[in-house]
Amino acid sequence: MTFSFLMAIPTSMAKASPSFVCQKCGAAYNRWQGKCESCGEWNTLVEEAGDSGVPVSIRAKRRGRPFKLESLAGKSVDAPRLPSGMAELDRVTGGGFVRGSVLLVGGDPGIGKSTLLTQATSLMARSGHRAVYISGEEAVAQVRLRAERLGLAAAPVELAAETSVEDIIATLSEGATPRLIVIDSIQTMWTDTVESAPGTVTQVRASAQALIRFAKKSGAAIILVGHVTKDGQIAGPRVVEHMVDAVLSFEGEGSQQFRILRAVKNRFGPTDEIGVFEMTGLGLREVANPSELFLSERDLGSPGTAVFAGIEGTRPVLVELQALVAPTTLGTPRRAVVGWDSARLSMVLAVLEAHCGVKLSGYDVYFNVAGGLRINEPAADLAAAAALVSSLANSPLPTDAVYFGEISLSGAVRPVAQTAARLKEAAKLGFARAILPETARGDAPSDAGLSLQTVGGLTSLVADIAARGTPRPAGRDNAPAEKNATPARFRRNEG
């Protein structure tokens, strides 16, 4: 009798053991500590309720259910898609929303996520599909005010202000299955299955899992809105990004009217497509020709600017690259980059100094991609190098020329893909010449109508730009300025 009583104590009087979970990466610890050993972040551990402490051996066990195994040799059926009515949004998603898919949309506060999704749900509701907008941060009256400002108040969108996942699923299960459901945002949702506070790693993961199960079971497409951290990453555990079918990033500068929708992950489409929008007083307007928009405020004839003919997915995009090389008084020159990879800029600067004799150790370098666009492809190397040398030599580049090509560590200019699409876009916008890799001449279409200037190595391009330059005061060493830009700043050896 005494033995049975003692054996019953752990199961009846067991208390939940505390668990400290990192809000950045989701790692769990049994005690608090200042730094997370998994991701290296400080002060990110928050106490959350752990398990009951009951040993696994005495818990109730459920027998497994056998399931049918399929073979690889089967007929595959393409997933049906539902267009949203916004061409730029459909371009990024791969042609529309797939039935039963879950998308995660992230972006800075005030960038226009709610505006974009309000327009998308309104267009789908007007097409005769059931669309539901669940807001966990705003009241229904606030969502209605935004719809009135956008001129979408008459759209038959079903609204609700709710944060309980169980209540949301129970409500959406009644009647016809919605074709599109927006959850704004996932950080405000909570479920009864866990005891943590809303917004914690455990709640975000459990709430997202419940909504994903409902989407797969019902066939409704769900869009989850996610907050972002100060460094631009989607807040919460990275496991949520692995759980969903697509992750979209809504980017843009607050001072710019351009907005870029980019696919970071997409199980049903490409991840290199972008959608371009312009923020107006009546909401987001789709931009069919982003090249013309990015070059609309271009400063002609200014040193340090070059037009890059890039490719974003299947769409050619022309954008202006801006460089400023200024003398420095600091021991370590400053390198500031906006819209491009800082490591890529450092590589281009090293190649210019090692193989072209361009001495930049006494100059600050500032580099910017105009229009708020972020460039990821290495084809921008040649345009970036031309802009840097143009600013240093005070030599304006031709206003009717575009540049593209990848620079190798040996100083050679390597070819890039889709040369024909780049040249056709440049000709359509009125450009007359193109500076491209020498080996890419064979890929150029005969009907492009452009004068092609091929470059085999970076040295010839630097010499051509420097020969047209005008003198400027020298950098930190206070050396006298030369008549042209060649001897001191572009010589290979200084004795």
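These questions and answers walk through a predicted model.

Q: Which helix gives the largest share of the largest nonpolar core?
A: The largest nonpolar core has 67 residues. Domain 1 (82–288) and domain 2 (292–467) each supply at least three residues to this core. The largest share is nine residues, and these come from helix H10 (residues 381–393).

Q: Which residues have the most contacts inside the largest nonpolar core?
A: Take Leu352 as an example. Leaving aside neighbours within four places in sequence, Leu352 is in contact with residues including Ala385, Leu388, Val389 and Leu458. Leu352 is on the list of those with the most contacts inside the core, and the full list is Leu321, Leu352 and Leu458.

Q: How many residues does the second, separate core have?
A: This core is separate from the one of 67 residues. Among its members are Met86, Ala120, Ala221 and Leu261. Its count is 30 residues.

Q: Are the rings of Phe250 and Phe277 stacked or edge-to-face?
A: A pair of aromatic rings is described by the distance of the centres and the angle of the planes. Here the centres are 6.2 Å apart and the planes stand at 75°. Planes over 60 degrees apart count as edge-to-face. So the pair of Phe250 and Phe277 is edge-to-face.

Q: How many residues apart in sequence are the parts tied together by Phe250 and Phe277?
A: Phe250 is buried, at 2% relative accessible area, and Phe277 is buried at 0%. Phe250 lies in strand S11 (residues 246–251), while Phe277 lies in strand S13 (residues 274–280). The pair therefore ties together parts that are 27 residues apart.

Q: Which strand and which helix does the pair of Phe258 and Phe294 tie together?
A: The two rings form an edge-to-face pair, 5.4 Å centre to centre with 85° between the planes. Phe258 is buried at 7% relative accessibility, and Phe294 is buried at 5%. Because of where the two residues lie, the parts tied together are strand S12 (residues 258–266) and helix H8 (residues 290–294).

Q: Which strands stand at the edges of the open sheet of nine strands?
A: The order is S8-S7-S9-S10-S6-S11-S12-S13-S14, with mixed pairing. Each edge strand has a single partner, so one side of each is left without a neighbour in the sheet. The edge strands are S8 (158–161) and S14 (283–286).

Q: Which residue in S14 is the bridge partner of Met279?
A: S13 and S14 run antiparallel, joined by four bridges. Met279 has its bridge partner in S14. That partner is Leu284.

Key. Residues are numbered from 1 along each chain as its sequence is written. This is a predicted model: local features need pLDDT of at least 70, side-chain atom pairs count only at pLDDT 80 or more; totals for chains, interfaces and linings use all residues. Side-chain values use heavy atoms; hydrogens and water are left out. A nonpolar core is a set of buried Ala, Val, Leu, Ile, Met, Phe, Trp, Tyr and Cys residues joined through side-chain atoms within 4.5 Å. Buried means under 20% relative accessible area, exposed over 50%, partly exposed in between (1.4 Å probe, protein chains only). Domain bounds come from an automatic or database domain assignment. Contact means heavy atoms within 4.5 Å. Rings of Phe, Tyr and Trp (its six-membered ring) pair if their centres lie within 6.5 Å; planes under 30 degrees apart count as stacked, over 60 as edge-to-face and the rest as tilted. Two strands pair if DSSP finds at least two bridges between them.
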